[in-house]
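Please look through the structure shown below, with attention to its aromatic rings and to one of its helices.

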Amino acid sequence: MGKIAHLTAVQKAIIDTLKQEGKTQKEISEQIGCSQSAVSRHLSGKSVGRKKCGRKHCTTRRGDRTLRKIVEKDRFQTLGDLRKQWTESGVETSRATVYRRVQEMGYRCRIPQVKPLLNQKQRQKRLTWATEKQHWTVAQWSKVLFSDESKFCMSFGNQGARVWRKTGEREMPKCLKSSVKYPQSVMVWGAMSAAVNAASYQEILEHFMLPSAEKLYGDEDFIFQHDLAPAHSAKTTGKWFTDHGITVLNWPANSPDLNPIENLWDIVKRKLRDARPNTLDELKAAIEASWASITPQQCHRLIASMPRRIEAVISAKGFPTKY
């Protein structure tokens with residue numbers, strides 16, 4: 001057994017590999033012919049070797065802990081905000097140092113996920129709904145005709161504020177940006193419309209949904225899904241469904257992550273970024289072309305994801321999920 005000595009790059013790589021395979025430090029040391037202490041030092045990040053060169057940290061561990069607390073307090077702060085608060089706590093340093101420290105802590109500056117704002121009551125309803133549908137099969141979900149409106153713009157603008165987050169924190173509630181619906185926006189539901197109120201929505205159902213449902217399901221029963229937008233939840237709309245003998249799936253508020261058609265809208269919008277339409281007519285044509293390019297296989301895969309979406313909502317206790 002050799003003395004504690006410098007480990008070569010090859011030896012360090014072998015140690016890491018054997019450790020991942022579940023080998024003990026003693027087994028690793030015997031296999032590569034070095035001391036167990038050398039293996040232990042390498043795995044703990046204290047490998048024996050030449051002392052590191054370069055400047056010493058200009059901040060203390062205590063100061064770094066203070067910066068971590070500042071970041072955790074509000075993930076949407078700019079680098080300037082972080083530096084200002086750190087300075088006020090007694091740590092004088094540059095923006096570059098602030099950036100290095102938050103990077104060393106594992107934080108990265110990312111565009112936040114935009115998710116609907118959910119209050120406690122809405123989260124509980126989502127959880128109850130998911131629990132009730134937990135044992136639905138893909139075959140049952142295939143009987144549901146999912147629907148939705150989506151807003152389309154001529155340009156996509158900037159992404160707004162960024163968020164400091166670590167790997168795996170993309171869906172963490174405090175790293176999400178809340179979205180709010182504005183029904184007055186230009187929307188698309190199988191056709192372009194400047195606004196969707198109860199009357200126009202029922203007209204869309206009459207001329208577009210019913211023919212589509214007949215083509216897809218024939219004489220078989222199906223369940224229609226739509227969200228709780230004002231035009232959808234209007235009494236006259238409810239009466240329209242009753243008069244036509246159509247079953248409507250009860251739906252929790254602010255739950256786009258449960259609707260697989262949202263993924264289809266994402267596909268269309270990604271393609272529109274490449275198309276870059278300049279006029280309203282070009283925008284309409286690009287939307288129709290992008291929608292027509294979606295394959296039945298993509299739709300089948302999205303419907304098959306419903307059981308996983310349900311489980312994700314239950315695991316998140318009603319909070320937004322990655323879908």
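In this predicted model, a useful place to begin is the pair of tryptophan 129 and tryptophan 251, both of which are buried. Their ring centres lie 5.2 Å apart with the planes at 70°, and because planes over 60 degrees apart count as edge-to-face, the pair is edge-to-face. This contact joins distant parts of the chain, since tryptophan 129 belongs to helix α7 (residues 120-132) while tryptophan 251 sits in the loop between β10 (247-248) and α12 (261-275), 122 residues apart.

The rings of tryptophan 141 and phenylalanine 146 have their centres 6.3 Å apart, and their planes are at 25°, so this pair is stacked. Tryptophan 141 and phenylalanine 146 are likewise buried. Ring pairs connect Trp129, Trp136, Trp141, Phe146 and Trp251 into a cluster, and a search of the whole structure finds eight aromatic pairs. A ring also meets a charge in this model: lysine 166 lies over the face of tyrosine 107, at 4.8 Å from the ring centre.

Helix α13 (residues 280-292) can be checked by its length, because its 13 residues, at 1.5 Å a residue, should span 18 Å, and its end C-alpha atoms are indeed 18 Å apart, which agrees. Within α13, the residues Leu283, Ala286, Ile287 and Ser290 are buried. These four cover an arc of only 100° around the axis, and therefore they lie on the same side of α13. On the other side of α13, by contrast, Asp281, Glu288 and Ala292 are exposed.

Conventions
Residues are numbered from 1 along each chain as its sequence is written. This is a predicted model: local features need pLDDT of at least 70, side-chain atom pairs count only at pLDDT 80 or more; totals for chains, interfaces and linings use all residues. Side-chain values use heavy atoms; hydrogens and water are left out. Helices (H or I, at least four residues) and strands (E, at least two) are DSSP runs, numbered from the N terminus. The expected span of a helix is 1.5 Å times one less than its number of residues. Buried means under 20% relative accessible area, exposed over 50%, partly exposed in between (1.4 Å probe, protein chains only). The arc is that of the directions from the helix axis to the C-beta atoms. Rings of Phe, Tyr and Trp (its six-membered ring) pair if their centres lie within 6.5 Å; planes under 30 degrees apart count as stacked, over 60 as edge-to-face and the rest as tilted. A charge sits over a ring if NZ of Lys or CZ of Arg is within 6 Å of the ring centre and within 35 degrees of the ring normal.
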